[in-house]
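Morning, everyone. I have one structure to go through today. Please have a look at it on the screen before I start.

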Amino acid sequence: MSDDPKETFSEGAGALAGAVPGTAPGAVPDTIPDAVPDAIPLRARVRSLGPSMTRSVQAVAETVAADPAGCSRLTVSALATRTGTSEATVVRTARLLGYPGYRDLRLALAALAAQQGSGAAPAVTADIAVDDPLADVVAKLAHEEAQTLADTAAGLDLTALGAAVTALAGARRIDIYGVGASALVGQDLAQKLLRIGLVAHAHADPHLAVTGAVQLRPGDAAVAITHSGSTGDVIDPLRTAFERGATTIALTGRPNAPVTHYADLVLATSAARETRLRPAAMSSRTSQLLVVDCLFVAVAQRTYETAAPALAASYEALAPRRSARSPRP
């Protein structure tokens, strides 16, 4: 269990019962209520949260993701026995995956099992071998990129996204922190915001990032981009911005990671499984860029009266640089 003060778990007897009202023990309910959380991003959440899970929680999460139909028929006690864990661990896993309790997870698993039984094509693996033909490499990467985008969109917290848009649209100044591949994403966000007239700075240098964060105050915004959520060079400036009163936003693939301790708003991203020939930075960047585009378009909508003229002015200023120049004689 995380020691984050934002996280609390209540594991009462009712939550451990594991039975769905109106069904016999171990039976799958005949109907799935509309309120059941979407089951589609389940495997993506398990994949994304895996590195931050304890071994016992990971065992439960991977089991339900691998066999949703079978697990949907199990009581909490039966699933604990199957995974060699405890009932409390099963309930904790359900909540970590975003469900209020084990009952809700069972309903989502039943929905996912029904979807898989409807004839949908099985997922294509993105494991790329050294001797794979180029056509296979392209097909596998294209599939995983599309799946990563779909998983990120399905799991994105629209309430948090809307609050982040409000913070960026009204900010006096916006600082963005990221290193490595995330630095490229930060630069992309900064240049987009600059083009609609906002004051935005992307910091890849950790010293400059902290130096800039010290100058922030209430009414400013700071954005930290880190897939792992544990990059110290990104956490340090965000913590400083948080302490200075700026609105802090974290884009991360680990919703319970250390960076979220200093984030007012958390925007979760998804990523494909890491393999030898496909490091996590590749797919995480894809999902981060989707969230960046969502932020940019929504901020531009929110500030359209000033954003539209700013975009037109920047386009006009850059137009001569896009024209082919005649070679010198």
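Which residue of β4 does A222 stand opposite? The partner is T248. Before I go further: this is a predicted model.

That pair belongs to the contact between β3 and β4, which run parallel and are joined by five bridges. On the other pairing I want to mention for β3, the strand is matched with β1, also in the parallel sense, over four bridges. There, I174 has A221 of β3 as its bridge partner.

Now the sheet as a whole. It is open and has five strands, with parallel pairing, in the order β2-β1-β3-β4-β5. The edges are β2, residues 200-203, and β5, residues 265-268; each has a single partner strand, so one side of each has no neighbour in the sheet. From one strand to the next, the twist averages 15 degrees.

Take the β5 edge. Strand β4, residues 247-252, is joined to β5 by four bridges, and the two run parallel. One of the pairs here is A250 with V266 in β5.

Next, the helices. Helix α10, residues 181-195, packs on the sheet and touches β1, β2 and β3. Its direction makes about 170 degrees with that of β2. Helix α12, residues 232-243, lies across β1, β3 and β4. Relative to β3, α12 runs at about 160 degrees. In terms of connection, β3, α12 and β4 make a β-α-β unit, and the unit is right-handed.

Back to β3, residues 221-225. How many of its five residues are buried? Five of the five are, so the strand is largely enclosed by the rest of the structure. In a regular strand, side chains alternate between the two faces of the sheet. In β3, A221, V223 and I225 point one way, while A222 and A224 point the other way. Residues in both of these sets are buried.

Last item, cysteines. How many disulfides does the structure hold? The count is zero. Two cysteines can be described by their accessibility. C71 has 0% relative accessibility, so it counts as buried. C294 has a relative accessible area of 27%, and is therefore partly exposed.

To recap, we have an open sheet of five strands with parallel pairing, α10 packed on the sheet, and α12 lying across β1, β3 and β4. That is what I have; questions are welcome.

Note on methods
Residues numbered from 1 in each chain as written. Predicted model: local features only at pLDDT ≥ 70, side-chain atom pairs only at ≥ 80, totals over all residues. Heavy atoms only, no water. Pairing = 2+ DSSP bridges. Axes fitted to C-alpha atoms, helices over the stretch in contact; angles between N-to-C directions. Contact = heavy atoms within 4.5 Å. Buried < 20%, exposed > 50% of the residue type's maximum accessible area, 1.4 Å probe, protein only. Right-handed = clockwise from strand over helix to strand, strands pointing away. Disulfide = S-S within 2.5 Å.
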